[in-house]
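Please look through the sequence and the three-dimensional structure shown here, and take a moment to turn the model around before reading on. The paragraphs below are meant to be read with the structure in view.

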Amino acid sequence: MGFDINAFREHIRQFCLTEVAPIAAQIDKDDQIPSTLWPKMGAERLLGITIPKEYGGLGLGYLAHIIAVEELSRASGTVGFVYADHSNICLNNLYLHGTEQQRQKYVPKLCSGEYLGALSMSEPNAGSDIVGSMSCKATKTNDADWIANGTKKWTTNGPDADVIIVYLRTADKTIGSHSISAFILDNDIDNWQRGKKVDKFGMRGAGNCELYFNDTIIPSHQLLGKENEGVKILMAGLDTERLILSAGPIGLMQAALDLVLPYIRERNQFGSPIGSFELIQAKTANIYTSLQTARSYAYRTAQAFDQGMPSRIDASACAYYASHAAVNVALETIQTLGGIGYMNDSIAPRLLRDAKIYEIGGGTNEIRQMLIGRELFKQDPIIV
Ligand SMILES: Cc1cc2nc3c(=O)[nH]c(=O)nc-3n(C[C@H](O)[C@H](O)[C@H](O)COP(=O)(O)OP(=O)(O)OC[C@H]3O[C@@H](n4cnc5c(N)ncnc54)[C@H](O)[C@@H]3O)c2cc1C
């Protein structure tokens with residue numbers, strides 16, 4: 001039987017309505033996600049959507065994964081964000097590149113919600129130029145284990161993560177991109193520390209922190225993929241990350257529409273619902289068009305990924321378009337609601353704060369524009 005997209009969405013929507021939407025404002029206010037939510041998502045089998053069933057996943061593709069991120073983000077931007085980080089950026093990468101032993105050790109627990117996952121590549125001095133500037137390094141010891149030193153920055157889910165994929169420089173950077181390796185860090189490894197949870201503008205409730213390595217011994221069996229081939233994992237991971245992350249802003253734009261449509265019918269000025277004014281109708285038209293454009297593009301790109309035709313250019317363009325559109329949609333939402341939309345107890349400011357990270361995280365919009373433009377420049381006449 002084929003994948004029934006509507007039934008799948010409805011299943012997630014019901015979970016979000018009962019378990020996520022009611023706590024979204026509190027998560028934002030407290031800057032904390034209740035620890036009970038993760039195992040509930042595991043019990044619903046939401047955490048390992050792209051992971052085969054024998055490891056505890058659902059064995060579905062990226063389109064299904066996008067729908068899950070979209071619906072969770074519609075209910076709570078923060079939950080959608082940390083979920084994408086756990087389920088795609090950590091778990092999916094670990095499954096794709098892990099040995100059978102590594103899969104058996106981590107994947108079922110990441111699928112059930114017993115473990116929380118994260119991925120760490122950024123550093124204080126390595127952001128957009130991650131490959132060229134990475135200085136956090138690991139050197140081989142005589143018995144083939146690794147000694148890691150340096151600092152990682154930002155790591156989403158970092159304060160509470162049980163499993164973190166970490167990229168470290170493992171050869172001289174003058175040899176080029178074959179000088180970085182990926183490792184699986186867990187709580188059995190001694191002598192690494194987490195920094196304080198940082199205070200953020202949006203995505204409140206998501207934990208972000210630095211990681212510190214000081215002669216940390218990482219056993220050789222924690223290497224993910226091949227030695228010095230980490231950039232391949234990183235780049236392929238960034239392609240699916242950008243695709244999956246585009247569903248976050250899509251969910252936020254749907255939440256904006258959910259908020260705006262009832263309001264413009266209920267709010268009367270000049271003796272009429274404000275939705276009857278053409279300037280307000282223009283705003284709702286813009287919100288709707290942005291949402292549907294971003295959604296159609298992401299679904300089409302996800303279907304291509306699922307059919308074995310991943311596209312770096314389209315994954316970047318999906319994330320670029322959706323994130324930029326969501327920031328504009330959030331601003332239009334505040335304007336449509338007037339003074340109420342500016343109040344912190346309205347959902348509208350949270351949509352703006354949550355949308356903004358998608359223009360920065362997983363590679364900024366400038367870097368996405370650069371990638372898209374560079375690929376287009378390389379290609380023969382384009383093709384749609
Ligand atoms: C909330 C949050 C969560 C995050 N989670 C994670 C995580 O889980 N794991 C992880 O590894 N990282 C994470 N990051 C890091 C994130 O990926 C980086 O912030 C991002 O890649 C940008 O790097 P930077 O902040 O160092 O900015 P910089 O690279 O210093 O860029 C600063 C500005 O310069 C622009 N710029 C840089 N180079 C160019 C260029 N060549 N051309 C034009 N413009 C350019 C950028 O677009 C940006 O506007 C997170 C960040 C945040 C804020």
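What follows goes from the whole chain to its domains, then to the ligand, and at the end to some strands and a single residue.

The model is a predicted one, and a good way to begin is with its overall form. Along its principal axes the C-alpha trace spans about 80 × 50 × 45 Å. For 384 residues a compact globule would have a radius of gyration near 21 Å, and the chain, with 21 Å, agrees with that expectation. The chain has 13 helices and ten strands, and buried residues make up 46% of its 384 residues. If one takes the contacts in the chain with a separation of 6 or more, 73% of them are between residues that lie 24 or more positions apart.

The chain is divided into three parts, namely domain 1 (5-116), domain 2 (120-228) and domain 3 (246-378). The centres of domain 1 and domain 2, taken over C-alpha atoms, are separated by 23 Å, and where these two domains meet, 21 residues of domain 1 are in contact with 14 residues of domain 2. Which helices supply the side of domain 1 that touches domain 2? At least two residues each come from α2 (24-30), α5 (77-97) and α6 (100-112), and it is α5 that gives the most, with ten residues. Sorted by class, this side of domain 1 has ten nonpolar, eight polar and three charged residues.

Now turn to the ligand. Where does the ligand lie with respect to the domains? Domain 2 and domain 3 both give residues to the shell around the ligand, so it lies between them. There are 22 residues around the ligand, and of these G127, S128, T156, T364 and E366 come nearest. Among the elements of secondary structure, β1 (117-120) and α13 (365-378) each supply at least two residues of the shell, while the largest share, three residues, comes from α13. By class, the residues of the shell around the ligand divide into eight nonpolar, eleven polar and three charged.

Three strands can be followed next, and they are connected through β3. Strand β2 (residues 137-140) and strand β3 (residues 146-152) run antiparallel and are joined by four bridges, and within this part of the model T139 stands opposite I147 in β3. The hairpin of β2 and β3 has five residues between the strands, and in this hairpin A144 takes a positive phi near 75°. Strand β3 is also joined to strand β7 (residues 211-218), again in an antiparallel arrangement, by seven bridges, and here the bridge partner of T151 is Y212 in β7. When looking at such strands it helps to remember that, in a regular strand, the side chains alternate between the two faces of the sheet.

The last stop is Y288, a residue that lies in helix α10 (residues 278-306). How many other C-beta atoms lie within 10 Å of Y288? There are 16 of them, and because a residue counts as buried at 20 or more and as exposed at 12 or fewer, Y288 is partly exposed. Y288 can also be set beside L72, since the two are 216 residues apart in sequence and 19 Å apart in space, C-alpha to C-alpha.

Note on methods:
Residues are numbered from 1 along each chain as its sequence is written. This is a predicted model: local features need pLDDT of at least 70, side-chain atom pairs count only at pLDDT 80 or more; totals for chains, interfaces and linings use all residues. A residue is near a molecule or strand if its C-beta atom, placed from the backbone, lies within 6 Å of it. Ala, Val, Leu, Ile, Met, Phe, Trp, Tyr, Cys and Pro count as nonpolar, Asp, Glu, Lys and Arg as charged, and the others, Gly among them, as polar. Domain bounds come from an automatic or database domain assignment. Two residues are in contact if their C-beta atoms, placed from the backbone, lie within 7 Å. Two strands pair if DSSP finds at least two bridges between them. The radius of gyration is taken over C-alpha atoms; the globule rule is 2.2 Å times the number of residues to the power 0.38.
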